Amino acid sequence: MFKENGDDLRFAWYNSSSKSLQEVDYYIDVWNTTGYSYMWVKVPELPANGSTDIHMYYGNPDAEPGSNMSRTFSYSGQRVVGYIVSPLLSTFHVISLDDGNNVTVGSQSRDLDYGETWSFTSVSGSSQIKAKTLFYGDGTGNPSDMYSPISWAGTEFDYYIHRGSTLRFHLLSPFGTATVRIYQGGSMIWGPSSIGSTVTTLTENTDFTFGVPDQVRISSDIPILVQFDTSSADARPFYPSTSDYIYGIPTGTGDTSDVGIAAGPNGANVSWVDSGGNPGSTTISSEGYYNDEGFTDSQGQGPAWRVKSDYPVGIC
């Protein structure tokens, strides 16, 4: 049996070269003794198009807590953790969440200890963001303030777009040349075309046509990063479509906010619950969407949502 708080968990990675197990760092993200628990495990390598074996151990009543966020999400040297994809992000602010950090944005670099801050100015699209350990970062833009984490790279993105003119998609492929297609309501409006590690910006009425409101699907043969804006508003990074839990807060302007959910070719049965305990559900048709504008709070002041579906969806 596990200890009640999971303190006795330990993970080991199988080193195929030495044919031995070595203990590795881990972090308990969610511990739930009656449902699903989520752990991050730091392994020395993950082979491309392959797998690696890890082993989980538990049951030692004298074990001290082993979960450690800092050790799990830090490296001996810098690693690429994200990219500047939106051209609206002009200054990137960071605060280090650990000692001995080094953060680099493009050609600018800074050593930082815990709690120290720095602002990288005149950042440009396609810039890599590298770090040794944990940090928080956002930007000064009009109005984009978020970079694209490398973990947000994906092959399918489904989103509901409901307003604006001069829509723009910014695409970057961090892992090689990607073949990308963009669909509106199931009909291809751009591609197939190749993109690389330099941001490709597509502009409505120049590169594609689009009628709002509707669902957009961006499909790639390898993982890519996607940002969207309307030239001066509604800027956001896209998170890959998923059938796993998605968490978020409705946003908007003035005194209203909304939630938009879009599905891919399979459609989706979607359920949710907000932070006030109010549940809901809907069925979305193939390449369709659902929109709820019934919120009176704006700019993230409304209730948080947790969404789950049987097939992948995207939420904005």
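**Exercise 1. The five-stranded sheet**

How many bridges join strand 6 (residues 79-83) to strand 11, and do these strands run parallel or antiparallel? Work out the place of this pair in its sheet.

*Solution.* The model is a predicted one, and the pairing is read from it step by step. Strand 6 and strand 11 are joined by 4 bridges, and they run antiparallel. One residue pair can be named: the bridge partner of tyrosine 83 is glutamine 128, which belongs to strand 11. The next step is to set this pair into the whole sheet, which is open, has 5 strands in the order 9-8-11-6-13, and pairs in the antiparallel sense. At the edges stand strand 9 (108-112) and strand 13, each of which pairs on one side only. As background, the strands of a sheet pair through backbone hydrogen bonds, in either a parallel or an antiparallel arrangement.

**Exercise 2. The four-stranded sheet**

Determine the strand order of the sheet that contains strand 21 and strand 26, and explain why one side of each edge strand has no neighbour in the sheet.

*Solution.* The sheet is open and consists of 4 strands in the order 21-26-23-24, with antiparallel pairing. Strand 21 (246-248) and strand 24 (279-284) lie at its edges, and because each has a single partner strand, one side of each is left without a neighbour in the sheet. Averaged over the sheet, and with direction ignored, neighbouring strands are turned by 20° against each other. For strand 21, the pairing with strand 26 (residues 305-309) is antiparallel and extends over 3 bridges. At residue level, isoleucine 246 has valine 307 of strand 26 as its bridge partner.

**Exercise 3. The cavity and its lining**

Search the whole structure for cavities of 30 Å³ or more, and classify the residues that line the largest cavity.

*Solution.* The search finds 1 cavity of 30 Å³ or more, and the volume of the largest cavity is about 30 Å³. Its lining is made up of Tyr160, Ile161, His162, Arg163, Phe228, Asp234 and Arg236. Sorting these residues by type gives 3 nonpolar, 1 polar and 3 charged.

**Exercise 4. Exposure and contacts of two loop residues**

Decide for methionine 146 and for glutamate 116 whether each is buried, partly exposed or exposed, and describe the surroundings of each.

*Solution.* Methionine 146 is found in the loop between strand 12 (135-141) and strand 13 (148-149). Its relative accessibility is 30%, and the partly exposed class lies between the limits of 20% and 50%, so methionine 146 counts as partly exposed. Once neighbours within four places in sequence are left aside, methionine 146 is in contact with Leu89, Trp152, Gln227 and Pro237. For leucine 89, the C-alpha to C-alpha distance to methionine 146 is 7.5 Å, although the two are 57 residues apart in sequence.

Glutamate 116 is placed in the loop between strand 9 and strand 10, and with a relative accessible area of 37% it is partly exposed. Under the exclusion of neighbours within four places in sequence, glutamate 116 is in contact with Val94, Ile95, Ser96 and Asp111. Glycine 50, by contrast, is 66 residues away from glutamate 116 along the chain, and their C-alpha atoms are separated by 39 Å.

**Exercise 5. Backbone geometry and the loop between strands 18 and 19**

Locate the cis peptide bonds that precede proline 192 and proline 213, and then examine the residues with positive phi at positions 126 and 205.

*Solution.* The peptide bond from glycine 191 to proline 192 is cis, with omega near 0°, and proline 192 itself lies in strand 17 (residues 187-195). A cis peptide bond also joins valine 212 and proline 213, where omega is about -5°; proline 213 lies in the loop between strand 18 (200-203) and strand 19 (214-229).

Turning to phi, serine 126 has a positive value of about 80° although it is not a glycine, and this serine 126 is in the loop between strand 10 (117-120) and strand 11 (128-131). For asparagine 205, likewise a residue other than glycine, phi is positive and near 70°. Asparagine 205 belongs to the loop between strand 18 and strand 19, and its relative accessible area of 63% makes it exposed. Threonine 206 lies in the loop between strand 18 and strand 19 as well, and with a relative accessible area of 64% threonine 206 is exposed. The C-alpha atoms of threonine 206 and threonine 166 are separated by 9.2 Å, with the two positions 40 residues apart along the chain.

Methods: Residues are numbered from 1 along each chain as its sequence is written. This is a predicted model: local features need pLDDT of at least 70, side-chain atom pairs count only at pLDDT 80 or more; totals for chains, interfaces and linings use all residues. Side-chain values use heavy atoms; hydrogens and water are left out. Two strands pair if DSSP finds at least two bridges between them. Helices (H or I, at least four residues) and strands (E, at least two) are DSSP runs, numbered from the N terminus. Axes are lines fitted to C-alpha atoms, for helices over the stretch in contact, and angles run from 0 to 180 degrees between N-to-C directions. On a 1 Å grid over the protein atoms alone, a cavity is a set of points where a 1.4 Å probe fits but cannot get out, and a pocket is an open set with protein on both sides within 12 Å along at least five of seven lines; lining residues have an atom within 4 Å of a point. Grid points are joined across faces, edges and corners, and a volume is the space filled by probe spheres set on the points. Ala, Val, Leu, Ile, Met, Phe, Trp, Tyr, Cys and Pro count as nonpolar, Asp, Glu, Lys and Arg as charged, and the others, Gly among them, as polar. Buried means under 20% relative accessible area, exposed over 50%, partly exposed in between (1.4 Å probe, protein chains only). Contact means heavy atoms within 4.5 Å.
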